[in-house]
Structures are given as structure tokens and as C-alpha cells.
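Here's a walk through how the parts of a protein model press against one another. Keep the structure open while you read.

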Amino acid sequence: MTWASRVDGAFPQPLQVILRGVGQVFFCCNALTGLIFLIALFIGGVAAGAAATVGVVTSTVTARLLGFSKKDIDAGLYGFNGTLVGPCLFLFLEHSPQLWLYVILASILSSVVLAALMRILRPYQVPASTAPFVLTSWMFLVAVYGFESFTRSPVLPAAGIPVAVPGAGRLAVENWPVALFKGVGEVMFADSVTVGILFLAGIAIVSLRGALMAISGAFVGIIFPTLLNANLNAIEMGLYAFNPVLTMMAIGWVFLKPSGKSAALAVLAGVMTVVCQAGLASFLTPIGLPTLTFPFVLVMWMFLFAAGMSKYWVDPDAEEG
Amino acid sequence: MTWASRVDGAFPQPLQVILRGVGQVFFCCNALTGLIFLIALFIGGVAAGAAATVGVVTSTVTARLLGFSKKDIDAGLYGFNGTLVGPCLFLFLEHSPQLWLYVILASILSSVVLAALMRILRPYQVPASTAPFVLTSWMFLVAVYGFESFTRSPVLPAAGIPVAVPGAGRLAVENWPVALFKGVGEVMFADSVTVGILFLAGIAIVSLRGALMAISGAFVGIIFPTLLNANLNAIEMGLYAFNPVLTMMAIGWVFLKPSGKSAALAVLAGVMTVVCQAGLASFLTPIGLPTLTFPFVLVMWMFLFAAGMSKYWVDPDAEEG
Amino acid sequence: MTWASRVDGAFPQPLQVILRGVGQVFFCCNALTGLIFLIALFIGGVAAGAAATVGVVTSTVTARLLGFSKKDIDAGLYGFNGTLVGPCLFLFLEHSPQLWLYVILASILSSVVLAALMRILRPYQVPASTAPFVLTSWMFLVAVYGFESFTRSPVLPAAGIPVAVPGAGRLAVENWPVALFKGVGEVMFADSVTVGILFLAGIAIVSLRGALMAISGAFVGIIFPTLLNANLNAIEMGLYAFNPVLTMMAIGWVFLKPSGKSAALAVLAGVMTVVCQAGLASFLTPIGLPTLTFPFVLVMWMFLFAAGMSKYWVDPDAEEG
């Protein structure tokens, strides 16, 4: 047991579960990591931190009230989607008192959707990951066209017919660190180097391999879109990086037996995530929605399902046939 | 056995199956209920009634010809999607002789899609419900852009980039009953108080709890969109209500063990259905399609799959693992 | 063993696997058929032939490197999606050196997606067919809005809000053969009678029933859209035919026990494919993507899943419950 696990074990029970929920955004079942993430979120912005707190508490309490698996709840699995729903709605919609109601409703739904996806995916032993956050947030964001109580913020991409995005360029060497750390920070919508560094630190205390995969994902999310001449501004803000960060952590560290092969597969998955990011952004342009972390979810699903067909990642004896 | 079941049993076989198919639109396996629904449909409009009749007969006969389960056919399960396909196409497309061919083809396909979804969902013991009707109707409605033989009726939402929908307002007290009953009637596209009352009566003779859930769903579909300042005209026509009506019946009466917990879950699901209604409407705006009953289907699926993970709704011994 | 099987067996191993991959585009596990197809592709255009070659080799090698089933690889199952990805990207994007990189990446991903879909569909014993090609190509095609390195070719449908497509007309008798053979050729993007005839020949040496289903599908893809007054130019180019060609082969020859019933079901499925073609084209209009072979995939999936519920196509003893 590492020192980080011991610190995690020292947190009192309800707080431990909530903070683990925050930590699970980066696959870390550790309350200390969650605490670092939450502090980072508040540094990024008080509204974002508060919304994440409301989200993680709401979604975790919902899971308890609806009678979902205590083991899953205690591992923080019913917390991370709520953690993401809160800051997401506060970033993309204009702030208002009723927005808190909206965050609470969306966090409740995220726990229902998580349980549903867990049930669907159980025979395949593939995780739902942040899909509940994405599906719920998309639904709540796009629904505001119909509700005068809420207003789209200018941060949301404008709805329209997709056109070629100009503005390719070469990232100056001195801007690389900024882009890398922002790429990690953008996983929780933080356009901030400090937040990105704190996120990496929180991951590193749980697993150095995890942190290495995260930073490698950020590299892939800068190098590959630059090669394909994607918009430089988006690359600099880390907007091509936060999805490969998660993909490489999932494939190269969390869900497949760690090995050289898994690391190579993670790089491949990271590259595909960049294409998927650009593609999904175009798919969503007519209704004016952001991709959120769905490029990561889609690519991770494809690679994990596929790994279930490979002699390198399936123990033939353990398989259910 | 209730008197309604005895009346149902008195219908001669082929007629019983067809009428049960109509009754299953509101989850009622009862020929008398189906007869009341069909009469109501004809009161709402002769074309709608005739199209529903053609639809239910076609889809039921198709199921027999394709060799699907006799038990399911006899319960009317292969009838209700056809029942809905007919009036749907007659509402949203301009009337013409060849529209009858289109209704027949769509009703045939609805039975194929139902069998397919039943097969997919069988391991999860979750129903396909009206998904075949929605998927088939969407495909046939959106296909008419390509066929000069058919014309979109002005009732269809115009295709375009989604924009904020104005026109919020407070529903006058005297208009509540109209909105409530129309909300029930709109399940089968009837903008009529009489039809809504007849539908409720047909449900009530099978189950008072079912009728209570239906009217509660209509309440949720008026109160909640009013709270969020949705378009008043849509609320008055019951267009926010018909999906929660079905959701609350499904969750609070049909598919989960009836209890106080299930009723509470049904209210929650009803609220989510309203958000899903507004969201899905925006999703479909670029191609000019209506949501039909898909908000209900999506939310019901999420809640039923999720219930499969809850200690309150799953008998741990009966579970298949 | 037929003479065609003996010729297939005479090909040296690596070449046999690659050519079978090409043959599997039309469900033919035969290297000679694949060779005929490949020659036809080169006749249709050198770039298309070269891109198909790169695609089939890349996707097959990927499957080997990722440790997927040797039996599936040897049957060419990891080749046909790559075969289609190559010419697809070369048809719909402007040619450039970096397009080869794009084809290689997409072919790699197509093998991952195929393994993933195989894993998902395994409990249902339903094939993934060309879904990996379609999903991968869509993603790569729509992603180019974001990458200045690639340019959409004018062959791609323009993105926009869908409107009614004019230009219906009656196909002159002398143009029927052209439309029929082009309909077969368009499965691999070849607007050429010669290519269509060669494709049919390649199928016929494996199975006359297969070739009969293919040409019947082309008939359905001309007669039915003409009846519904679809755009004459599209019909003449075989653009309504290539999907029913595949649907009728899949339902009437490959995946269901061949019988009169299966042939009748294949015609029905072919008709539905035409509606699905027009519908899906409208669905994709806002983002400017072509349907590719997804109408076939969707309809085939629906009919095969549904066949799993029918006493005519399921052996009740063999069923897994």
C-alpha cells in the first residue's frame, strides 16, 4: 500500500467517497487526489469549483437513494460524472440562480444514465466512463433552445452548417508547455496552466504511469493536429489535447494490462482521438454543441471492445465466450 | 379476473388481437380498451382512424407472416407500432392515394424493427416499446425529401438551424383541463379534449393506477415546462405532456413493481422527459423532424436499465448475472 | 469443392488472404474473385485501385499485429473494410500526398472498429459487415473541416439544410442495362458498366444465387425509386441500387438459410433499403456526408436481428435463449 492509499484511507467516510468521485475524473480512486483536483477547480474559478461540488454530491447521493451498488458508490464511480456536469453547464450557459436547479437535475440524471450504461455494458466488461456526463450535458445544453429560463453563453460553438476551419500554424516552442498543461486542465474545462499542473500532480501521487500517459496524450494532442494543420488557437488552448489525455490514460494505464504493447496501442488510440475530435465537432456543428469528452469515450470504447477480440489482451481461459 | 378482462375475452380471435394492438399504445392488453381508443381516433379524424386501422392490421399480419412469436402477436405487441405509424404519416405528410402504400410499407417495417429490438434487448429484459414506430416514421418522413411522390405537410417542423424558442407564458387556470386532456390525446396525434378523455377512460377500465400515472404525467408535462419558461402554445396543446404521460405509465405502473418508490421514480423520469423533449427537438431541427415519442423511449430505457442495477427493483436471486 | 475454390486454394498464402479481403466486399471468400474485383477497380481508375490495395493490406496487417483471430484474418474478414476505405477517401477528398497517410490511418481504424463491432455483436451472431468502413470513413471525411491538410472534393454532397430533391423521370428502356451494372459497380464507387459486369462475374464464379441476388437488388434499386419519383439522374448512376444489391445478397444468400422465404424476405429488405437510402441521405445533409453503404447495414441488421425472432430462420434447439 502506497502512502497515497494510506492518506486516502484516513479520510472520514462520506468525505472520502465524495473526493474519490472527483478523483475518478482521471480514473483515480483516491480522496487526496480528489482534494487536489477540487482545490485546482476552485483556483480555476469559484463558480466551477462550487458547481463541481454540487454535482459530485448530488450524483453520489442520487446513487445511494436509488439503491445502486454500494461498492461502486464507495469507489467514487457515481461521482465523477456529476463533477463534470456542474462546471460544464456553468461554462456553457449564462449564470443565473435557476442554473443551480439545472445542475442538480443533470447530476441526478447522470447517475441514472451511468447505471443504465453499466447495465448495458456489463456483459462486455467495458466501462461507461464519462459517457453519462456527455450525454446528459448535451441533452441539457441543447434543451435550452426551448426554455427561456436559460441562455447559451458565447463560449458554446455557434450553431450552423459546418465550414472548413482556417487558422493553421506552427506552435512556437515557448508555447509548448502552456499548451501541454492546459490540455490536461481542459479535461475539467480549466483554461489554466496551474490547474493542469495540479491535475498532473494529483494523478502522479497515485500512479506515475498514469501521469506519463496523461502528458503523452497531451503531446499527441499537440503534435498530430499540428501535422494535419488544425486551427492553431485551438491547439494552444489544449482543446485537441484533453481527449487524447484521457484516451491514453484509459488504454495505456487503467483498463488494459500495462505493457509495452498497451502503451503502443494507447498512442495509436490517442492519434485516432484527434481525428474523432475534429469529426465529432463537425457532426455537432448544426446544433451548436461542443464535443466534450465524447471523442475519448468513442475511441476508448472501440479499442476496449476490440481488445476483447485480441489474444494479447484477453485471457482465453477467463473469457466468457 | 376483472370485468374488463372478461369483455376482452369475449371478442372473437382475429378482432381481439387487432384491438389489443391498439390498446397496447397505452400498454393495455385489452380489446375493449383498444376499441375505445379506435373509436376515439375516428372521432379525432376519419383519416387518422383509417390509417391506424390499416397500420395495426398490416403490422400484425406481417408479424404472423414472418413467423414471430404467436404469444407476442396475440398480446397485441405487434400492433401498437403500426397503430401509431398510420396516423403519424397522415398527419405529417400531404394526403394522396400513394400515401396508403407508404403507410403499409412503414407498418411492415415497424414489425421487423420491433422484432429486431426485442432480440437486441432480450438479454436485458427491457421493452422496445414505441421505438420501432419512431425509428420507422422518422426514416419514412425524412425520406420524402428524396421522393416527389410525397410532400411534407406544414405541420412538420421546418428544417433549419435551431434558435431559441420564444413565447413563454403562464397557463391560465381555465386552460389547465384542456392542456391535460390534450396531453393524453397527443400520444396518438389527437389535438382534442374528447379524445384524451376517451383514452383515459380506456386505460382506467384496465387499471386505475395506469390512468393516475397518465394524468400525473400530463401534470408534469404542464408544470415543469411552465417553470422553465417553455413556449406556452406548445404547453397548451399538450405537446410537452404526451411523452411524460407515457414515461410515468411505463415506470410507475407497467414495467417496475408498483410501489411508492416506483411512483416517485416515475415523477423523476417524467421531469427528465420534459428536458429530453426540448433537447431532442433541437437535435432534430436541422432535418425538420418531430420528436414523436422518442423522449419517452430514451428516458424509459435509461430508467429501466438503471433499475436493473438497483437493489430496490432487482431480485438479486432472480438476476441472470 | 468447386473449381473456383480450387483456384482460390492455389494462391500463395499472403496473397490469398489479401485477395480474399477484396472478395469479401461482396461476401466472397475467394482469392480469384478478389483478383477480378481488384482488376476491375484498377480499370475503373488507377488511384482507386491503388488506394484499395493500400487499404486492404493495411487493415489486414493491422489485424495481424493487434492479435485478432487468425481464422477471421485468413478468411479475408479484416480486408474488405480497408478495401472500401481507400477508394472512398480518394473519391471524396482532393488527391494529395498526405491523403495516403489518411488512408492508412483510416484502414487501421477500420480493423479496430471491426473487431469492436464483432465483439459487440457476437452474442447475437449478427455480422458487422461494412459498418466499420462506413463509420470510419464518415469520421475521417467529416473531420477534414478541421484540417487544412485535406480538402473536400466536389463529389461530396454539399452541406446544408435538406430540401426536396427534384428531377424525377422515367428511365428510358435502353438505359436500364447501364443503370443495373453501374448499380453493382457503385458498391466500390465505380461509375462504370464494365466494372459492374466484372463484379458480377466475380460473384457468379462463387455462387450463381449470389449473382442473382445482386442483379435483383439492382432491379429493386431502379424500379422502386422510379415508382416513388426519385431523382432520375441518381437512379441512372446506380446510386439507389448499390445498397439494395448488398442487402439482397446478405439476406437472400449469405446470412440466412437460402430458401424461397429468404428470397422473398430479401426483396422486402431491398425495398426498405431504398427508403432508408433516401432517409439517411437527408439525415446527413446538414454535415455534407454521403450515405455510403449504411442503408444496407441498417436494413440488414434489422432483418437479421428480426430473423433471430422468427420460427422460420431460427432452429429452436440451437438457440442460446
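Between domain 1 of chain A and domain 2 of chain A there are five residue pairs in polar contact, with both residues at pLDDT 80 or more. A polar contact here is a pair of N or O atoms within 3.5 Å; within protein, one has to be able to donate a hydrogen and the other to accept it, and residues adjacent in sequence count only if both atoms are side-chain atoms. Salt bridges between these two domains come to zero, a salt bridge being a side-chain nitrogen of Lys or Arg within 4 Å of a carboxyl oxygen of Asp or Glu.

A quick word on the ground rules. This is a predicted model, where local features need pLDDT of at least 70 and side-chain atom pairs count only at pLDDT 80 or more, while totals for chains, interfaces and linings use all residues. Residues are numbered from 1 along each chain as its sequence is written, chains are lettered from A and ligands numbered from 1 in the order in which they are written, and side-chain values use heavy atoms, with hydrogens and water left out.

**Inside chain A**

So where does each domain run? Domain 1 covers 10-150 and domain 2 covers 171-314, with bounds that come from an automatic or database domain assignment. Their C-alpha centres are 20 Å apart. In terms of contact (heavy atoms within 4.5 Å), 36 residues of domain 1 of chain A meet 34 residues of domain 2 of chain A. Together the two domains bury about 3,000 Å², with carbon and sulfur atoms giving 88% of that. Buried area is the accessible area (1.4 Å probe) that two parts lose on being put together, summed over both. On the domain 1 side, Phe26(A), Phe27(A) and Trp138(A) lose the most area to domain 2, together 26% of what that side buries.

**Between the chains**

Now for the chain pairs. Here are two of the interfaces, laid out for you:

| Interface | Residues in contact | Buried area | Share on carbon and sulfur |
|---|---|---|---|
| Chain C and chain B | 44 residues of C, 38 residues of B | about 3,300 Å² | 74% |
| Chain B and chain A | 44 residues of B, 38 residues of A | about 3,200 Å² | 74% |

How many salt bridges cross from chain C to chain B? The rule finds zero, although eleven residue pairs are in polar contact there, both at pLDDT 80 or more. Helices H11 (208-227), H14 (260-284) and H15 (294-307) of chain C each give at least two residues to the side that touches chain B; helices are DSSP runs (H or I, at least four residues), numbered from the N terminus. H14(C) gives the most, with twelve residues.

For chain B against chain A, the rule again finds zero salt bridges and eleven residue pairs in polar contact, both at pLDDT 80 or more. Helices H11 (208-227), H14 (260-284) and H15 (294-307) of chain B give two or more residues each to the side touching chain A, and H14(B) has the largest share, twelve residues.

**One residue in chain C**

Finally, zoom in on Leu135(C), found in helix H8 (residues 131-143) of chain C. Is Leu135(C) buried or exposed? Leu135(C) counts as partly exposed because its relative accessibility is 35%, and that class lies between buried (under 20% relative accessible area) and exposed (over 50%), using a 1.4 Å probe and protein chains only. Leu135(C) touches Leu117(C) and Phe294(C), leaving aside residues up to four places away in sequence. The C-alpha atoms of Leu135(C) and Leu292(C) are separated by 9.6 Å, with the two residues 157 residues apart along the chain.
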